[in-house]
Amino acid sequence: MNSHDSTGPASTGGAAPVGADAFLKGAAPPAPSTSPAAPVVMDKPDPVPMEKLAAVTTAASGDALLRVTDLQVHFPVTQGALVARKIGAVRAVDGLNFAIRRGETLGLVGESGSGKSTTGRAIARLLEPTGGKVEFDGRDITHLSARTMRPLRRDIQMIFQDPYTSLNPRHTVGSIVSAPLKIVGDLSGDALKARVRDLLELVGLSPEHLNRYPHEFSGGQRQRIGIARALATHPKLVIADEPVSALDVSVRAQVVNLLGDLQSELGLTYMFIAHDLSVVRHISDRVAVMYLGTIVEMADRAGMYEHPLHPYTHALLSAVPVPDPAKQHRRERILLRGDPPTPLNPPAACRFNPRCWKAEEVCRTVEPPLVEIQPGHQVACHFPEERELV
Amino acid sequence: MTARPEPSAAAGTAAALVDRHYLDVRDLRVTFGTDDGDVRAVNGLSFGLERGRTLGIVGESGSGKSAASLALMGLQRGRRTTVAGEIWLDGENLVTASPERVRSLRGRQMAMIFQDPLSAMHPYFKIGDQIIEAYRVHHDVSKKVAKKRAIELLDRVGIPSAARRVDSYPHEFSGGMRQRAMIAMALSCDPSLLIADEPTTALDVTVQAQILDLLNDLQKEFNSAIIIITHDLGVVAEIADEVLVMYAGNAVEHGPVQEIFSAPQHPYTWGLLSSITRLDRTRSDRLRAVPGNPPSLIAVPDGCPFHPRCQYANLAGPATRTERPTLETVAPGHRVACHLPVEARVRIFREEVAPSL
């Protein structure tokens, strides 16, 4: 089925290069930890590979609101009815390192099962991370108890995918949007009502809708209600998990614009989880591509979409159909064979190797670390290569 | 994809009424009676399609695209549902045909691929058995022969080790494999009309690319007419020969795929094209969204159903608020339902819409 020629990079030939250095022509090697923001990693007891360290420190430079170090979320698989024995683990998220700066939008893309939603939920502490560290605003929140986490909840809010199931059908819009405010307990009475009206107006709904129920609204309007609820407590970080994928095309554009406006108006920081690469390109400053629980490439928008380096990113980008028949029929398409393997038992070394057309022996034996091979552009591949795709 | 010769029958509505297409839909109306009033899901839809061609139907939820396709398959038979108009398939009117007759055609001459393969397949039966059942309804063969056919089909749609997987249950397949299995089932009797309702919406992009490729190959092989219903304009650009844009139960524009993308004439088509994010253009800071929401099908606005959301409605004269526009031919095979004068549409698209696409 894969009819396109897919040869390895010319520069490397058949020899297996070490790390990504073979690709590097002019780019400077990543500076080892000189940044003062590094101690997070430094006092980890187990030695972190040099490359990983470099990656973390570069991301950490700048004013990071969120920093994630070696995050792991595993779900145990058990057997036995009376005494549940653990027979394995779904490694949904397996060692993520990234940081999000204040006011920035990080897009997280990947296929279903890549662990992007699990990442979002672990950061919002709706899930307990199995390992690693999540630091929010300089504070380690990885294993905070429900009670100690509560004051921080106002700062981290989520927008969910399905505007039909994420709103309680028996509550009015007013009570849905005011619920977080009541829990936080800052406002009451008229002040609370006024705030809810302001919020509805902020997201483009009429304040008169206060007493209506979710079923009286269309999908786009419901998503606006979900956004108003997320913004009620003046959050610093908003985690949006596929916020527009359930919406129709014309309405989707309205909500995407709204999210952009709110960000510049309120100085929000977004983590935008989506599988639609073109929406992510529109909204994100930086993009991370996930595959089977790991980040395979992370770069700023221009780097990711104009000079993608990882073969998986190439395959993803080339699979997005372009709404231009002439161009679409001329485009080169990389057809990946098969489906992503199960995270229950991911392939050894490079997780992409069974589907990769460039895979060589080294890909099956050595896990490629996520290294910065151009300023701000990290990739986890033994044979990274630039490719023109769109 | 190789350019196929334009069938002469597609040249204009007048010709279309004389010449017979393989599939001819004329003034199709599907209405659901509800306590709140009649829902006019499809309201006077007409189009024709030849064998070997692919028609992409685009529109938002509630535009009537799925209701129309279910009517084509003869699956709109609820007590409060009325289907009116004509559906001619190979010279036979399906609207007036007996349910038994439509049943014997369904699966053999026309087949459907649904959006969600998990709910379209029975979870209790093996995939192979479901394909065998579909095949034996229309062919008087032994189970053994039918099973051989099922394995052949699964293999054809790219299921690895089909002889073994034929005995799997739907839940043992991944999303992409289930969709392939459903395509295999739909193809079991070599249908000449294949309707695919959002066949790739539930799938990841890499799998979507595989499925679209498969549909393309299969069409070349079986020379069937394909109707693909989707809201993704990228998918349409990739696979369709013709595009039908639906809004509020009606076709607002219908034409060859090249023309719909390079010289669209209906403001709603412009809205769809400019509101999508696309990888092949430089990124703009704001998307040009279509204001408002799609109308309720119980109370479709008078006149042009799109006029309350149309930013050019004022240029179209008073008729746009009172009179429903009909599809007029503007170029060979290209029909548009809009009150704006043709010159104005061409000028607006060239000067205002195209530069921002």
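**Exercise 1. A salt bridge in chain A**

With which residue does Arg154(A) form a salt bridge, and how far apart are the closest N and O atoms? State also where the two partners lie and how exposed they are.

*Solution.* The structure is a predicted model.

Step 1. The partner of Arg154(A) is Asp186(A), and the closest N and O atoms of this salt bridge are 3.3 Å apart.

Step 2. The two residues are 32 apart in sequence, and the pair links distant parts of the chain. Arg154(A) lies in the loop between helix H4 (146-153) and strand S6 (156-159) of chain A, while Asp186(A) lies in the loop between helix H5 (173-184) and helix H6 (189-202) of chain A.

Step 3. Arg154(A) has a relative accessible area of 27% and is therefore partly exposed. Asp186(A), at 53%, is exposed, because the exposed class begins over 50%.

**Exercise 2. Salt bridges around Arg26(B)**

Determine which acidic residues Arg26(B) meets in chain B, and classify the residues involved by burial.

*Solution.*

Step 1. Arg26(B) forms a salt bridge with Asp24(B), with 3.4 Å between the closest N and O atoms. Both of these residues are buried.

Step 2. The side chain of Arg26(B) also meets that of Glu86(B) in a salt bridge, at 3.7 Å from N to O. This pair links distant parts of the chain: Glu86(B) belongs to strand S4 (residues 81-89) of chain B and Arg26(B) to strand S1 (residues 23-34) of chain B, 60 residues apart.

Step 3. The relative accessibility of Arg26(B) is 17%, so Arg26(B) counts as buried, the limit being under 20%. Glu86(B), with a relative accessible area of 30%, is partly exposed.

Step 4. Elsewhere, salt bridges with shared partners join Asp63(A), Arg102(A), Asp137(A), Asp155(A) and Lys236(A) into one network. Over all chains, the whole structure contains 36 salt bridges.

**Exercise 3. An open sheet in chain A**

Give the strand order of the open four-stranded sheet of chain A, identify its edges, and describe the helix that packs on it.

*Solution.*

Step 1. The order is S2-S1-S4-S5, and the pairing is antiparallel.

Step 2. Strand S2 (85-101) and strand S5 (139-140) of chain A each pair on one side only, and they are the edge strands.

Step 3. Helix H3 (residues 116-123) of chain A packs on this sheet and touches S1, S2 and S4 of chain A. The direction of helix H3 makes about 115° with that of S1(A).

Step 4. Within the sheet, five bridges connect strand S1 (residues 64-79) of chain A with strand S4 (residues 131-136) of chain A in the antiparallel sense. Leu66(A) stands opposite Phe136(A) in S4(A).

**Exercise 4. The surroundings of Pro311(A)**

Locate Pro311(A), decide whether it is buried or exposed, and name residues that it touches.

*Solution.*

Step 1. Pro311(A) is part of helix H11 (residues 311-319) of chain A.

Step 2. The relative accessible area of Pro311(A) is 0%, so this residue is buried.

Step 3. Leaving aside residues up to four places away in sequence, Pro311(A) touches Phe352(A), Cys356(A), Trp357(A), Lys358(A) and Cys381(A).

Step 4. Glu386(A) is 75 residues from Pro311(A) in sequence, and their C-alpha atoms are 9.2 Å apart in space.

**Exercise 5. Chain A as a whole**

Summarise the secondary structure, burial, contacts and surface of chain A.

*Solution.*

Step 1. Chain A has 13 helices and twelve strands. Of its 390 residues, 55% count as buried.

Step 2. Taking contacts in chain A between residues at least 6 apart in sequence, 66% join residues at least 24 apart.

Step 3. The accessible surface of chain A is about 16,300 Å², and carbon and sulfur atoms account for 52% of it.

Technical notes. Residues numbered from 1 in each chain as written. Chains lettered and ligands numbered in written order. Predicted model: local features only at pLDDT ≥ 70, side-chain atom pairs only at ≥ 80, totals over all residues. Heavy atoms only, no water. Pairing = 2+ DSSP bridges. Contact = heavy atoms within 4.5 Å. Axes fitted to C-alpha atoms, helices over the stretch in contact; angles between N-to-C directions. Buried < 20%, exposed > 50% of the residue type's maximum accessible area, 1.4 Å probe, protein only. Areas by Shrake-Rupley, 256 points an atom, 1.4 Å probe, with all protein chains shown as cover. Salt bridge = Lys/Arg side-chain N within 4 Å of Asp/Glu carboxyl O.
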